[in-house]
Amino acid sequence: RGSDELLSGSVLNSPNSNMSSMVVTANGNDNKKFKSEDKMDGAPSRVLHIRKLPGEVTETEVIALGLPFGKVTNILMLKGKNQAFLELATEEAAITMVNYYSAVTPHLRNQPIYIQYSNHKELKTDNTLNQRAQAVLQAVTAVQATNAPISGTTVSESAVTPAQSPVLRIIIDNMYYPVTLDVLHQIFSKFGAVLKIITFTKNNQFQALLQYGDPVNAQQAKLALDGQNIYNACCTLRIDFSKLVNLNVKYNNDKSRDYTRPDLPSGDGQPALDPAIAAAFAKETSLLAVPGALSPLAIPNAAAAAAAAAAGRVGMPGVSAGGNTVLLVSNLNEEMVTPQSLFTLFGVYGDVQRVKILYNKKDSALIQMADGNQSQLAMSHLNGQKMYGKIIRVTLSKHQTVQLPREGLDDQGLTKDFGNSPLHRFKKPGSKNFQNIFPPSATLHLSNIPPSVAEEDLRTLFANTGGTVKAFKFFQMALLQMSTVEEAIQALIDLHNYNLGENHHLRVSFSKSTI
């Protein structure tokens, strides 16, 4: 049969095979008739037929098309034909993939490609002739199975290099304004279809994992965006390839999103990051690029734009600087919450002007911040956090201001005006507090401690808020670690501005450090 026949009828087997006579020659010339499977609406099969592939496309890129939808179990590249067959573990995964790509045209290397069901129910390949494809598939499977980075022992590095991953790891430096999942989606969609995003805080830095359908899109986005500022002079993107090749998103909410599966639950308050992914991610080295003096990403008016984008009301450009200053906070513990406790917690992220706990719905409150930047910052950091044992929800309110009760009307102390409070952290322009805005963390930063107060005094004070003090570090100021973020939030509410004597009122804030 001649050595120039790479594939014979034994390669593709199925009861109704219409391709049993298919032959592809070694030099890739299309000198034998190839029966194309042109029925887009053919019967579903876990084997997919992919056509019009660019000439230089790699096995990894084709496999990456299927990874967001499930495990890829086999691949056959027909390079001379610019075609491939991709086998997924289940028919259900293949159906999801075909449905998704019928709505969003898949591209590889900026070229549209076509995906349809194959007539074959499974893909049988001669592994000796298909060695490279099998090596790549094994490498990807090993990474997927363990959800861990390539260790070098399990997989040969050359099979799947990090540069070929469709998943980017994004760290945001100098985050003076909040960056939301929607803002990331808007920026990164310019380079191709974004399939999934997971955002989370690690080492007190806002980070994200973002998955494209195609590794080439990831490469283009990294080249274009790494080192860029989202807003003027802040929110710098640090982008690296992730060692993960697929993200497992469980919930569609403001922290994670799977754009291929709009049916996912919102999973209120659940961590968006799969623990296995978190473990794998922890092992990845951080990318410390030199900050470039690059122009911001054509998103004017920083936080106002972010606020508007997060609210989903308007497109990014041309948003007024004000933004919405009023937040609606719901699912509060109505037995415990007070205007003062909300003032203290939300005051970490801006100068709270007024607080109103709703008279007819005491598990909800309106909080008016000094400006739209601050309301957006408070919303992005406090939504989904636990306060008095309940996961609170923070959204932008439709109200423009919080009304004070009419003169002489007793509203049981549910509304409070903090406009002239001496406790505002951000009144002074250029205050250091602007550079020390961090997400809620178990570690607290304590300052304004009189010399007479010892470590033991502070440990006792914080233990009395109902939590456990796990670690403590004294310098002129102090770091104190509670056992959970919820305990730290409680301690901050209880002890910020606590009178330690000698005219010293304790200052408490969240820290980016760990002890």
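## Exercises on a predicted model

**Exercise 1. Place Gly-192 in the chain and find which residues it contacts.**

Start with the secondary structure: Gly-192 sits in the loop that runs between helix H4 (181-188) and strand S8 (194-202). Bear in mind that the model is a predicted one. Next, look for contacts while leaving aside the neighbours within four places in sequence, and you find that Gly-192 is in contact with Tyr-212 and Asn-217. Finally, take the second of these partners and compare the two kinds of separation: Gly-192 and Asn-217 are 25 residues apart along the chain, and their C-alpha atoms are separated by 5.6 Å.

**Exercise 2. Describe the confidence of the prediction, and find stretches where the pLDDT is below 50.**

Begin with the protein as a whole, for which the mean pLDDT is 77, while 75% of the residues reach 70 or more. Then turn to residues 146-163, over which the pLDDT is below 50, and note that this stretch has 30 contacts in the model beyond near neighbours in sequence. Residues 269-321 also have a pLDDT below 50, and for this stretch the model shows 114 contacts beyond near neighbours in sequence.

**Exercise 3. Summarise the whole protein in terms of secondary structure, burial and contacts.**

First, the secondary structure comes to 11 helices and 23 strands. Second, of the 515 residues in the protein, 52% are buried, and the accessible surface comes to about 23,200 Å², of which 50% belongs to carbon and sulfur atoms. Third, consider the contacts between residues at least 6 apart in sequence: 70% of these join residues at least 24 apart.

**Exercise 4. Explain which parts of the chain are tied together by the salt bridge between Arg-46 and Glu-87.**

The protein has eight salt bridges in total, and in this one the side chains of Arg-46 and Glu-87 meet at 3.5 Å, N to O. Because Arg-46 lies in the segment before strand S1 (47-51) and Glu-87 lies in strand S3 (residues 83-88), the pair ties together parts that are 41 residues apart in sequence. To classify the two partners, recall that a residue is buried under 20% relative accessible area and exposed over 50%. Arg-46, at 23% relative accessibility, is therefore partly exposed, whereas Glu-87, with a relative accessible area of 5%, is buried.

**Exercise 5. Examine strand S14 through Gln-353 and Arg-354.**

Gln-353 lies in strand S14 (residues 352-357). Not counting residues up to four places away in sequence, Gln-353 touches several residues, including Gln-368, Met-369, Ala-370 and Asp-417. Moving on to Arg-354, we find that this residue forms a salt bridge with Asp-417, with the closest N and O atoms 3.9 Å apart. Since Arg-354 lies in strand S14 and Asp-417 in strand S19 (residues 415-417), this pair ties together parts that are 63 residues apart in sequence. Arg-354 is partly exposed at 24% relative accessibility, and Asp-417 is partly exposed with a relative accessible area of 43%.

**Exercise 6. Work out how Glu-455 and Arg-459 are placed in helix H10.**

The side chains of Glu-455 and Arg-459 meet in a salt bridge of 2.8 Å, N to O. Because the two residues are four residues apart in helix H10 (residues 455-463), Glu-455 and Arg-459 are separated by about one helical turn. As a last step, check their accessibility: Glu-455 is partly exposed, with a relative accessible area of 31%, and Arg-459 counts as partly exposed at 23% relative accessibility.

Methods:
Residues numbered from 1 in each chain as written. Predicted model: local features only at pLDDT ≥ 70, side-chain atom pairs only at ≥ 80, totals over all residues. Heavy atoms only, no water. pLDDT = per-residue confidence, 0-100. Contact = heavy atoms within 4.5 Å. Buried < 20%, exposed > 50% of the residue type's maximum accessible area, 1.4 Å probe, protein only. Areas by Shrake-Rupley, 256 points an atom, 1.4 Å probe, with all protein chains shown as cover. Salt bridge = Lys/Arg side-chain N within 4 Å of Asp/Glu carboxyl O.
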